[in-house]
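Visitor: I should like to learn how to read the features of a structural model. Could we go through them one at a time, the general idea before the case?

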Amino acid sequence: MEGVGDDGASAAAALNIKPAESFQYYLDKTTPHVFYRWIGTTVLALLYALRIYSVQGFYFVTYCLGFYIVNLLVGFLSPLVDPQMEPSDGPMLPTKASDEFKPFISRLTEFKFWYAITKALCIAFIITFFSLFDVPTYWPFLLFIWILHFVGTMDSLIRQMIRYKYIPFNLGKQKLLWKKARTAVPRT
């Protein structure tokens with residue numbers, strides 16, 4: 001009789017695991033397609049903006065979404081090891097011109113950054129269908145506070161980038177702006 005209860009529990013667990021595994025499978029398949037992932041997220045953001053414009057509400061939800069995205073951006077643009085803190089055993093950014101080059105390692109990877117923004121947009125979009133979350137607010141005030149937060153945050157981040165001379169973006173392989181003219185050397 002002990003085996004009967006185990007079979008039912010394992011069958012229920014298998015039903016719950018299957019959707020999660022298939023979701024993770026398709027999520028993993030999107031990893032190399034950075035451009036298409038961001039296009040999809042941009043389309044989702046435009047649909048969200050259209051939804052907000054059409055219902056003329058949910059400004060506080062949008063404000064919270066904007067704050068969350070700025071905080072994600074801070075994580076994406078910040079190095080894994082902050083040079084202002086104690087030195088660690090891991091890779092660190094060079095602080096002097098004579099230091100060895102060490103690559104920038106972000107605190108939040110591009111994939112996790114994309115996934116968090118996409119998930120937040122989906123949740124915010126779903127929330128706009130429930131009038132409970134439509135808090136009456138004066139949206140120009142919220143926009144002003146969000147702009148102050150964004151400018152202040154980006155100002156400190158850009159100052160840190162300039163101070164420690166790091167670029168958080170992978171610009172790809174460096175290309176020469178000009179090519180040397182090759183002269184043919186006659187063989188003898």
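Guide: Let us begin with contact, which means heavy atoms within 4.5 Å. Not counting residues up to four places away in sequence, Leu65 touches Tyr48, Ala120, Leu121 and Ala124. The model is a predicted one, in which local features need pLDDT of at least 70 and side-chain atom pairs count only at pLDDT 80 or more, while totals for chains, interfaces and linings use all residues. Residues are numbered from 1 along each chain as its sequence is written, and side-chain values use heavy atoms, with hydrogens and water left out.

Visitor: Which elements does the protein chain have, and in what order do they run?

Guide: Helices (H or I, at least four residues) and strands (E, at least two) are DSSP runs, numbered from the N terminus. Here the protein chain has five helices and zero strands, and the order from the N terminus is α-α-α-α-α. Among contacts in the protein chain with a separation of 6 or more, 83% join residues 24 or more positions apart.

Visitor: How many residues are in the largest nonpolar core, and which touch the most other members?

Guide: Two terms are needed. Buried means under 20% relative accessible area, exposed over 50%, and partly exposed in between, with a 1.4 Å probe and protein chains only. A nonpolar core is a set of buried Ala, Val, Leu, Ile, Met, Phe, Trp, Tyr and Cys residues joined through side-chain atoms within 4.5 Å. The largest such core holds 22 residues, and Tyr48, Leu65, Leu72, Leu77, Phe113 and Leu121 touch the most other members. At least two residues of this core come from each of α2 (34-55), α3 (59-77), α4 (110-127) and α5 (139-164). Of the 188 residues of the protein chain, 24% count as buried.

Visitor: How should one read the length and the sides of a helix such as α2?

Guide: The expected span of a helix is 1.5 Å times one less than its number of residues. The 22 residues of α2 should therefore span 32 Å, and its end C-alpha atoms are indeed 32 Å apart. As to sides, an α-helix has 3.6 residues a turn, so residues three or four places apart point the same way. In α2, the buried residues are Arg37, Thr41, Leu44, Tyr48, Arg51 and Ile52. They lie on the same side of α2, because they cover an arc of only 95 degrees around the axis; the arc is that of the directions from the helix axis to the C-beta atoms. The face turned away from the buried side of α2 carries the exposed residues Phe35, Tyr36, Leu46, Leu50, Tyr53 and Ser54.

Visitor: Against which helices do the buried residues of α2 pack?

Guide: They pack against α3 and α4. Thr41, which lies in α2, is an example: its relative accessibility is 5%, so Thr41 counts as buried. Leaving aside neighbours within four places in sequence, Thr41 is in contact with Trp114, Ile117, Thr118 and Leu121.

Visitor: What is the phi of Gln56, the residue that follows α2?

Guide: Most residues other than glycine have a negative phi. Phi of Gln56 is positive, near 50 degrees. Gln56 sits in the loop between α2 and α3 and counts as partly exposed, at 48% relative accessibility. Phe58 is also placed in the loop between α2 and α3, and its phi is positive, near 60 degrees. Phe58 is buried, with a relative accessible area of 5%.

Visitor: At what angle do α3 and α4 pack, and at what angle do α3 and α5?

Guide: Axes are lines fitted to C-alpha atoms, for helices over the stretch in contact, and angles run from 0 to 180 degrees between N-to-C directions. Angles under 35 degrees count as roughly parallel, over 145 as roughly antiparallel, 65 to 115 as roughly perpendicular and the rest as oblique. For α3 and α4 the angle is about 175 degrees, with the axes 10 Å apart; α3 is therefore roughly antiparallel to α4. For α3 and α5 the angle is about 0 degrees, with the axes 10 Å apart, and these two are therefore roughly parallel. The residues in this contact include Tyr63 and Phe67 of α3, and Trp146 and Phe150 of α5.

Visitor: What covers the buried residues of α3?

Guide: The cover includes α2, α4 and α5. Among the buried residues of α3 are Leu65, Gly66, Leu72 and Leu77.
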